[in-house]
Amino acid sequence: MEPPSGSASRRHVPWSRLLLAVSLLTFWTPPTTAQPTIETVPPLAAEGSNVLLLAHNVSENPLGYAWHRGERVDYAQLIASYRVDTNATTNGPVYSRRETLYPNGTLLIRNVTQRDTGPYTLLITKNDLQTETLTGHLHIHPPVARPSLQASNTAVTEHEGPVILTCLADETGVSIRWFFKGQSLLLAERMTLSSDNSTLTIDPVSREDTGDYQCEASNRGSSSRSNPLRLRVTWRENSRALGVGAITGIVIGVLLVLTLLAVLGCFIFLHRGKWPPASTSGRGPSGSSVSQASLPDARPPAPIYQELVCPNTDVYCHISHKADVGL
């Protein structure tokens, strides 16, 4: 195949440059300017709280700011205005002493109420005397009333049940959370919650369940917790230990007592015939009992002489039996 002609070759160069330019344009985008916005902090405020209306990406070095109630600039709805060069703040007709306008254009509203709900408009005056308006919205939710907590039984015995705790809230559409001893409740296998979390069932009850329970109701702006409700769980001491330790000890003790009684009974039975008879008369010289029938007669039949031995002399005394009889 022949090479292309010179003219064709010259036409190829511009196309290459064009493709390169297209590639560069594809990957390069011009910088975009951030759009000014109004941010509400917090986005969903509870009645009685403080709220900030923050201005983001506003023009640099503006001449001043002015906040108005509503969706348009109206002096009759002016809250406050601030002039940068003089650092002066001027309050408007709807100023309620709860608003503070900061030098960066942020508006603070303290102790908000339901009447503060609605749009707010910020007027920004630039150095070239051009103006820019931004609108934000403030959402105020009523505070959640304190819920109440009820129990089917507050004093139960361990391993019995069920115990049913019910959280009663005045508002609808609120979220329910449960707390145990001041901490978020960790559900055990024995615990179940209803579909809307308003009912907590414990079955069976354990001694570990003893303590204070609370429920918390919350909406998108506020929350409230119930008063503590104490659950008391009693148990029979050693109810389980008796089956392992105490019962074993009792059985062993009973068996030992029975064994000792059996040994003592056998001992008494085997030695019953070998014991001496009981004494019925006086005691002998050795202290043992001797019956009167077994003692010899104290006086001989008819002794003629009675010989007395004197301990210190070798003298024998002869006593006449007749003299003794005469006495």
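Pro42 sits in the loop between strand 1 (37-41) and strand 2 (44-46), where strands (E, at least two residues) and helices (H or I, at least four) are DSSP runs numbered from the N terminus. The peptide bond from Val41 to Pro42 is cis, with omega near -5°. This is a predicted model, in which local features need pLDDT of at least 70 and side-chain atom pairs count only at pLDDT 80 or more, while totals for chains, interfaces and linings use all residues. Residues are numbered from 1 along each chain as its sequence is written, and side-chain values use heavy atoms, with hydrogens and water left out.

A second cis peptide bond runs from Asp203 to Pro204, with omega near -5°. Pro204 belongs to the loop between strand 17 and strand 18. Most residues other than glycine have a negative phi, and most peptide bonds are trans. Asn61 has a positive phi, near 50°, and lies in the loop between strand 3 (51-56) and strand 4 (64-69). Asn111 also has a positive phi, near 50°; its place is the loop between strand 8 (107-109) and strand 9 (118-125). With a relative accessible area of 58%, Asn61 is exposed, whereas Asn111 is partly exposed at 45%. Here buried means under 20% relative accessible area, exposed over 50%, and partly exposed in between (1.4 Å probe, protein chains only).

**The chain as a whole**

The chain has three helices and 22 strands. Of its 327 residues, 23% count as buried. The accessible surface comes to about 23,400 Å², of which 57% belongs to carbon and sulfur atoms; areas come from the Shrake-Rupley method with a 1.4 Å probe, and for residues only the protein chains shown count as cover. Among contacts (heavy atoms within 4.5 Å) with a separation of 6 or more, 51% are between residues 24 or more positions apart.

**Salt bridges**

Side chains of opposite charge can pair when their charged atoms come close. A salt bridge is a side-chain nitrogen of Lys or Arg within 4 Å of a carboxyl oxygen of Asp or Glu. By this rule the count comes to eight salt bridges, including the three below.

| Acidic residue | Basic residue | N to O distance |
|---|---|---|
| Asp74 | Arg72 | 3.6 Å |
| Asp85 | Arg83 | 2.9 Å |
| Asp209 | Arg190 | 2.7 Å |

The pair of Asp209 and Arg190 links distant parts of the chain, 19 residues apart. Asp209 is in the loop between strand 17 (199-202) and strand 18 (211-218), and Arg190 is in the loop between strand 15 (183-184) and strand 16 (191-193). Asp209 is buried, because its relative accessible area is 3%, while Arg190 is partly exposed at 22%. Elsewhere, Arg177, Glu216 and Arg225 are joined into one network by salt bridges that share partners.

In the pair of Asp74 and Arg72, Asp74 is partly exposed at 22% and Arg72 is exposed at 56%. In the pair of Asp85 and Arg83, Asp85 is exposed at 53% and Arg83 is partly exposed at 49%.

**Glu99 and Arg207**

Glu99 lies in strand 7 (residues 99-101). Glu99 is buried yet has no salt bridge; the nearest side chain of opposite charge, Arg98, is 4.3 Å away. For charge, Lys and Arg count as positive and Asp and Glu as negative, with His and the chain ends not counted.

The side chain of Glu99 makes a polar contact of 2.7 Å with the side chain of Ser96 and reaches the backbone nitrogen of Arg97 at 3.5 Å. A polar contact is a pair of N or O atoms within 3.5 Å; within protein, one must be able to donate a hydrogen and the other to accept it, and residues adjacent in sequence count only if both atoms are side-chain atoms. Not counting residues up to four places away in sequence, Glu99 touches Ile79, Val94, Leu107, Leu108, Ile109 and Arg110.

Arg207 is in the loop between strand 17 and strand 18 and is partly exposed, with a relative accessible area of 35%. Leaving aside neighbours within four places in sequence, Arg207 is in contact with Glu158, Val233 and Trp235. The side chains of Arg207 and Glu158 are joined by a polar contact of 3.0 Å. Arg207 and Thr157 are 50 residues apart in sequence and 8.4 Å apart in space, C-alpha to C-alpha.
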